[in-house]
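This briefing covers one protein chain, topic by topic. Please keep the sequence and the 3D view open while reading.

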Amino acid sequence: MAASTKVLALESPTQTGEWTVVLPRKGRHRRNSRKITIAKGQQQEQQQWVPTDLEIDPERQSKLMHKIQACMKKIENSQFFLAFLDQMQIPKVLNHFHRVLGSESQLQMVIYGIGSIESHETPRLQLSLALLMKRKFSWIGDIEVFDPVLSATESQVLEDLGCSVLSLNEQGRREAKKSTLFFMPHCEAELYNNLLQANWGVESLNRIALFGNSFETYKQHVSFKYYDQEVSLMNSSVAESVTHILAARRFIDEFRIETISDDYFAAFHDSSWHFFKLACENELQLN
């Protein structure tokens, strides 16, 4: 299936004074668009969170559990999953996981921005892949999940699946004090940038394995070559919102994911494993 044309567009400012840069993606759900938000004033602080609806609906809970189990079975029996597992176990990738683990026995998994697992199949497929990874590899440990759109019913299903739903909106600013796998397919650029900024040090970044949007693709979207001269498509505000993403490309090993089938394109296109390989603080210059 032919890939869609990717265009950088600058929308009008919101009522809060924010500008949004949207990089259109294939598919209809807006959460799968590459979106960069530039907020006026200071960054948002971490906040306590509870679902907007406090009632757990047993019928919806049962139906959602059935849907997720069906998604897990679909992925587990797919060529996509076989190729995904093969890639995780090639020596170069496996060596990165071993390096991130260090002396620890397991990688904690943190899932940000999963979206509504009840409303759309794409988030269910993404969650199912994370759950299957934990089932397959003993070195993947407990799973924590957060997205502010989650309902009480969705949160309960996640708990039933063995995940912990965070009660704090960390805005992606989790410091990796231990070896951590951040699972963030198709999140907004702001979340990746927040995560990197919170961990902008040699020890913290080297403790991270990140699954999410290709950082190399971000670079392709924000600049282009014109007669061997690099031309930026960003104004200063947009550039600031992706500063750490673009700077991190200098010391990242990135491994692109093959979707294999159109069934998994919407959920995993332009996704990559990212591993940081830093030796000294001098490599962390932003410019």
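Val-110 of strand S5 has Phe-182 in strand S9 as its bridge partner. The model that shows this pairing is predicted. S5 and S9 run parallel and are joined by 4 bridges. The points below start from S5, move out across the sheet and its helices, and end with the cysteines and the chain totals.

**Strand S5**

- All of S5 is covered: 6 of its 6 residues are buried, so the strand is largely enclosed by the rest of the structure.
- On one side of S5 the buried residues are Leu-107, Met-109 and Ile-111. On the other side they are Gln-108, Val-110 and Tyr-112, so named here as the second covered face.
- S5 also pairs with strand S6, in the parallel sense, through 5 bridges.
- Within that pairing, Met-109 has Ile-143 of S6 as its bridge partner.
- Between S5 and S6 the chain passes through helix H4, and this β-α-β crossover is right-handed.

**The sheet**

- S5 belongs to an open sheet of 7 strands with mixed pairing, in the order S7-S6-S5-S9-S10-S14-S13.
- The edge strands are S7 (164-165) and S13 (252-256), and each of them pairs on one side only.
- At the S13 edge, S13 and S14 (residues 271-276) are antiparallel, with 5 bridges between them.
- One of the bridge pairs there links Arg-256 to Ser-272 in S14.

**Helices on the sheet**

- Helix H3 (residues 91-101) packs on the sheet and touches S5 (107-112), S9 (180-184), S10 (208-213), S13 and S14.
- The direction of H3 makes about 50° with that of S14.
- Helix H4 (residues 121-136) lies across S5, S6 (140-146), S9, S10 and S14.
- H4 runs at about 160° to S6.

**Cysteines**

- Where is Cys-163 placed in the chain? Cys-163 lies in the loop between helix H5 (152-160) and S7.
- Is Cys-163 buried or exposed? Its relative accessibility is 2%, and because the cut-off for buried is under 20%, Cys-163 counts as buried.
- Leaving aside residues up to four places away in sequence, Cys-163 touches Leu-131, Ile-143, Val-145 and Leu-158.
- Ile-143, one of these contacts of Cys-163, is also the bridge partner of Met-109.
- Cys-163 and Asp-142 are 21 residues apart in sequence, and their C-alpha atoms are 7.0 Å apart in space.
- Cys-71 counts as buried at 5% relative accessibility, and Cys-187 counts as buried at 3%.
- How many disulfides does the whole structure hold? The search finds 0 disulfides.

**Chain totals**

- The chain has 287 residues, and buried residues make up 52% of them.
- The chain contains 11 helices and 14 strands.
- Of the contacts in the chain with a separation of 6 or more, 72% are between residues 24 or more positions apart.
- About 14,200 Å² of the chain is exposed, and carbon and sulfur atoms supply 48% of that area.

Conventions:
Residues are numbered from 1 along each chain as its sequence is written. This is a predicted model: local features need pLDDT of at least 70, side-chain atom pairs count only at pLDDT 80 or more; totals for chains, interfaces and linings use all residues. Side-chain values use heavy atoms; hydrogens and water are left out. A disulfide is a pair of cysteine sulfur atoms within 2.5 Å. Buried means under 20% relative accessible area, exposed over 50%, partly exposed in between (1.4 Å probe, protein chains only). Two strands pair if DSSP finds at least two bridges between them. Helices (H or I, at least four residues) and strands (E, at least two) are DSSP runs, numbered from the N terminus. Contact means heavy atoms within 4.5 Å. Axes are lines fitted to C-alpha atoms, for helices over the stretch in contact, and angles run from 0 to 180 degrees between N-to-C directions. A crossover is right-handed if, with the strands pointing away from the viewer, the path from the first strand over the helix to the second runs clockwise. Accessible areas come from the Shrake-Rupley method with a 1.4 Å probe; for residues, only the protein chains shown count as cover.
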